[in-house]
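Colleague: I'm new to reading models like this one. Could you pick a single part and walk me through it slowly, spelling out the terms as you go?

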Amino acid sequence: MRVSTKLTLAACLFAGITTAVCGGVLILLQQQQAAGLLVNLAGRQRMLTQRMTKEALEALQAATHDERADALDRLRGTTTLFDETLRALQDGGTTTDATGGRVALSAVTSEQAQDALLAGLRRWEPIRQQLDTALASDEPRPLLSAAVPVLLEHNVPLLKDMNNA
């Protein structure tokens with residue numbers, strides 16, 4: 001075999017190995033990016049449980065109609081985002097990422113995470129029902145007053161469920 005043939009084969013082998021390594025690195029980076037997104041969304045869920053409580057209390061304590069309307073609008077957005085993300089994490093679907101863009105998620109496959117998400121969904125439902133009823137009302141204050149004790153009772157356990165997800 002001639003030297004030029006050996007060098008050509010060595011160059012082809014080197015190119016093949018380099019391509020395989022680069023492909024593997026790209027696959028690993030995509031997997032890490034997806035895992036990072038899930039971690040960020042789960043962390044945001046924990047923050048949203050706290051934000052809902054704060055916004056509900058702000059709406060109740062608002063001194064003016066405009067302040068109350070602003071707090072209710074923020075609460076509506078927070079509850080929608082929390083619900084959408086919880087369902088997307090559990091069942092797969094789309095939600096909003098930290099930059100405001102839409103992202104498609106596959107359902108979380110870990111049994112432990114699914115159990116935590118299911119527990120969170122069960123804990124979230126009575127809160128969501130109370131808040132949705134209050135937010136849909138022309139006079140939300142009395143309904144929000146009834147929703148706040150439910151929110152306060154389930155807030156920390158819901159935060160823990162989201163932490164376990």
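Modeller: Here is a close look at helix α2 and what surrounds it.

First, some ground rules: this is a predicted model, so local features need pLDDT of at least 70 and side-chain atom pairs count only at pLDDT 80 or more, while totals for chains, interfaces and linings use all residues. Residues are numbered from 1 along each chain as its sequence is written, and side-chain values use heavy atoms, with hydrogens and water left out.

Helix α2 covers residues 65-91. Helices (H or I, at least four residues) and strands (E, at least two) are DSSP runs, numbered from the N terminus.

Let's begin with R87 and D83, whose side chains meet in a salt bridge at 2.9 Å, N to O. A salt bridge here is a side-chain nitrogen of Lys or Arg within 4 Å of a carboxyl oxygen of Asp or Glu. By that rule, the count comes to nine salt bridges. Why can R87 and D83 be separated by about one helical turn? Because they sit four residues apart in α2. As for how open they are, R87 is partly exposed, with a relative accessible area of 28%, and D83 counts as buried at 17% relative accessibility. The cut-offs are these: buried means under 20% relative accessible area, exposed over 50%, and partly exposed in between (1.4 Å probe, protein chains only).

R87 has another partner too: E125 forms a salt bridge with R87, the closest N and O atoms being 2.5 Å apart. That pair links distant parts of the chain, with E125 in helix α3 (residues 111-136), R87 in helix α2, and their positions 38 residues apart. E125 also meets R128 in a salt bridge, 2.7 Å from N to O. E125 and R128 both lie in α3, three residues apart, about one turn of the helix. Put the shared partners together and D83, R87, E125, R128 and D132 are joined by salt bridges into one network.

Now for how the helices themselves pack. The axes of α2 and α3 are 10 Å apart, and the angle is about 150°. Axes are lines fitted to C-alpha atoms, for helices over the stretch in contact, and angles run from 0 to 180 degrees between N-to-C directions. Angles under 35 degrees count as roughly parallel, over 145 as roughly antiparallel, 65 to 115 as roughly perpendicular and the rest as oblique. So α2 and α3 are roughly antiparallel to each other. Their crossing is left-handed, a label used if the near helix is turned anticlockwise from the far one by less than a right angle (right-handed if clockwise). Among the residues making this contact are D83 and R87 of α2, and E125 and R128 of α3; contact means heavy atoms within 4.5 Å.

On to another neighbour, helix α4 (residues 140-164): its axis and that of α2 come within 14 Å and cross at roughly 40°. That makes α2 and α4 oblique to each other, and this crossing is left-handed. On the α2 side you'll find R68, L72, L75, F82 and L86, which meet P140, R141, L144, L158 and M162 in α4.

Helix α1 (residues 3-61) comes in through M52. M52 is buried, with a relative accessible area of 1%. Leaving out residues up to four places away in sequence, M52 touches L75, T78, T79, F82, W124, L131 and L151. The C-alpha atoms of M52 and G77 are separated by 9.5 Å, with the two residues 25 apart along the chain.

Finally, follow the chain past α2. G92 sits in the loop between α2 and strand β1, and G92 is partly exposed at 25% relative accessible area. Beyond residues up to four places away in sequence, G92 touches R87, L105, S106 and A107. The C-alpha atoms of G92 and L105 are separated by 5.1 Å, though the residues are 13 apart along the chain.

L105 belongs to strand β2 (residues 102-105), which pairs with β1 (residues 93-96) in the antiparallel sense over four bridges; two strands pair if DSSP finds at least two bridges between them. Two of the bridge pairs are T96 with R102 and T95 with V103. The hairpin has five residues between the strands, and there G100 takes a positive phi near 90°. Along β2, V103 and L105 point to one face and are buried, while R102 and A104 point to the other and are not.
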